[in-house]
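Good morning, and thank you for coming. Today I shall present one structure, beginning with a pair of strands and then turning to the pockets.

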Amino acid sequence: MDISARTDYAVRAMLILAEAQLASSGPVSVETLAQRQSLPRKFLEEIVADLRTAGLVTSTRGARGGYSLAHPATETVLGDVFRAVDGPLAEVRGLRPHETAYEGVATHLPTVWVAVRAALRAVLDTTSLADVLTGDLPDTVRELTADPDAWTNRA
């Protein structure tokens, strides 16, 4: 799985907004979001617009304006952020995994694609922004990362 720069930046920006929400410090400007994580401002403006369209952030105008989470950090999961900026978690040639169909030796491949999507959901749809901020990650995430092989690259 390739996690795009767009998704990486979106999650990092959302974590800053989650931190601001937990500290009750008010809206955060795009400039501040960009500076805090060394992100390209123009690209981040497009990403935040997608997050706003998806209903994950709200905007406030004015001198003290900026962006805030639309929902509590405990209720905003990473999967929502992924989908807001990059679309579905898993696609196969533009189709959802359950929409694929093959013949012959590949007959059972759609089942594997659906399992891949389910595995992504098991991590991304159970891990909230608050979980990432505190490091108190769901059991599924901790179990997967406890395996030393999880940290090893395969050629």
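**A hairpin and two pockets**

Strand β1, residues 57–60, and strand β2, residues 66–69, run antiparallel and are joined by four bridges. Please keep in mind that this is a predicted model.

Within this pair, S59 stands opposite Y67 in β2. Together β1 and β2 form a hairpin, with five residues between them. In the turn we find G62, which has a positive phi of about 110°. As a general point, the side chains of a regular strand alternate between the two faces of the sheet.

Let us now consider the pockets. Where is empty space left? Rolling a probe the size of a water molecule over the atoms shows this.

The second largest pocket brings us back to the hairpin. Its lining consists of S29, V30, R52, S59, T60, R61, G62, G65, G66 and Y67. Which elements give two or more residues to this lining? They are β1 and β2. The pair S59 and Y67, opposite each other in the hairpin, is thus found again in this lining, as is G62. The volume of this pocket is about 160 Å³. Its lining residues divide into two nonpolar, six polar and two charged.

The largest pocket has a volume of about 350 Å³. It is lined by L78, V123, T127, V132, L137, V141, L144, T145 and W151. Which helix gives the most to this lining? It is α7, residues 139–146, with three residues. Of the lining residues of the largest pocket, seven are nonpolar, two are polar and none is charged.

Thank you for your attention.

Notes
Residues are numbered from 1 along each chain as its sequence is written. This is a predicted model: local features need pLDDT of at least 70, side-chain atom pairs count only at pLDDT 80 or more; totals for chains, interfaces and linings use all residues. Side-chain values use heavy atoms; hydrogens and water are left out. Two strands pair if DSSP finds at least two bridges between them. On a 1 Å grid over the protein atoms alone, a cavity is a set of points where a 1.4 Å probe fits but cannot get out, and a pocket is an open set with protein on both sides within 12 Å along at least five of seven lines; lining residues have an atom within 4 Å of a point. Grid points are joined across faces, edges and corners, and a volume is the space filled by probe spheres set on the points. Ala, Val, Leu, Ile, Met, Phe, Trp, Tyr, Cys and Pro count as nonpolar, Asp, Glu, Lys and Arg as charged, and the others, Gly among them, as polar.
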